[in-house]
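Let's take a walk through a protein together. Have a look at the model below, turn it around a bit, and then read on.

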Amino acid sequence: MIATKDWLKASWYISKAMLRPAAGRPSVESRSSNAHPVMVPIRALGPSYRERITQHLLQLEPADRYLRFGYAANDEQIRRYAEQLDFNRDEIFGIYNRRLELIAMAHLAFSEHPEHKHCAEFGVSVLKQARGRGFGARLFERAVMHARNEGVNMVFIHALSENTAMLKIARGAGATVRRDGSESEAYLQIAPASLDTRMAEIVEQQFAEVDYQIKKQAKQFWDFLAGVQEVRSGVQHARHQSAE
């Protein structure tokens, strides 16, 4: 937990960052007619969330699996992908709903090649019921901010040309998109990290953690009430039967 003074400083910088576009390019809101919330609680996921990540990907419909992975991934291939995630090298981000279901997820994979150590690749998946809220774009923004703070200067997206939603996110962020038949490559050159981006990431991490803990407590409370109600219904049913 960061100190109060650091939190206030971070809040000040993130407020300034939110009120102005990134240097040299228009804000996301001005580039897109589909406005989305300024801040969406996006939480970094560690190894303990591997099973949740697996379940999220397994919920993708066949067409969505095809667009996400570039091939018709079956359940076994998805499980293998999740098992091979390197949480020490890469960064995984997720968005939860009120029931703590992972409804959107992004994978920022850092290059292991010495000549491309300043590059990273972005992939995203959003469940069908959570689309139309700008989650994919917000996950991309979050990933780019983290990439900047990690010294990355180029973010790539490899997608099927028919994946118009993904390519729209890339173009909306100012990326250059090159099409080569059924596949497309998008790359976005990003500026070096600044105090604003570092403070912004601290605040977003804290915001997402607080949001998650609140949702967790709320879910535990409602689960408890549901259990109590189930016990009451059982008692009432038993009384009714004994009265007969």
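Is E141 buried, partly exposed or exposed? E141 counts as partly exposed, because its relative accessibility is 26%. Here, buried means under 20% relative accessible area, exposed means over 50%, and partly exposed is in between, using a 1.4 Å probe and protein chains only.

Before we go on, a word on where this comes from: the model is predicted, so local features need a pLDDT of at least 70 and side-chain atom pairs count only at pLDDT 80 or more, while totals for chains, interfaces and linings use all residues. Residues are numbered from 1 along each chain as its sequence is written, and side-chain values use heavy atoms, with hydrogens and water left out.

Now for the big picture. The protein chain has eight helices and seven strands; these are DSSP runs numbered from the N terminus, with at least four residues (H or I) for a helix and at least two (E) for a strand. Of the chain's 244 residues, 40% count as buried.

Let's start with the sheet. Its seven strands form an open sheet in the order 1-2-3-4-5-7-6, with mixed pairing; two strands pair if DSSP finds at least two bridges between them. Strand 1 (43–45) and strand 6 (176–180) sit at the edges with a single partner strand each, so one side of each has no neighbour in the sheet. On average, neighbouring strands are turned by 25° against each other, direction ignored. Strand 5 (residues 154–160) and strand 7 (residues 183–189) run antiparallel and are joined by seven bridges. One of these pairs M154 with Q189 in strand 7.

What packs on this sheet? Helix 6 (residues 135–149) does, touching strand 2 (91–96), strand 3 (102–110), strand 4 (119–126), strand 5 and strand 7. A contact like this means heavy atoms within 4.5 Å. Helix 6 makes an angle of about 35° with strand 3, where axes are lines fitted to C-alpha atoms (for helices over the stretch in contact) and angles run from 0 to 180 degrees between N-to-C directions. Helix 7 (residues 164–172) lies across strand 4, strand 5, strand 6 and strand 7, at about 155° to strand 5.

Back to E141, which has a partner. E141 forms a salt bridge with R138, their closest N and O atoms being 2.8 Å apart; a salt bridge is a side-chain nitrogen of Lys or Arg within 4 Å of a carboxyl oxygen of Asp or Glu. The two are three residues apart in helix 6, so about one helical turn separates them. An α-helix has 3.6 residues a turn, so residues three or four places apart point the same way. Unlike partly exposed E141, R138 is buried, because its relative accessibility is 3%.

A second salt bridge joins the side chains of R142 and E204 (3.7 Å, N to O). This pair links distant parts of the chain, with R142 in helix 6 and E204 in helix 8, 62 residues apart. R142 counts as buried at 1% relative accessibility, and so does E204 at 8%. Leaving aside residues up to four places away in sequence, E204 touches M39, I42, R138, R142 and M145. Put it all together and you get a network of salt bridges linking R138, E141, R142, E201 and E204.
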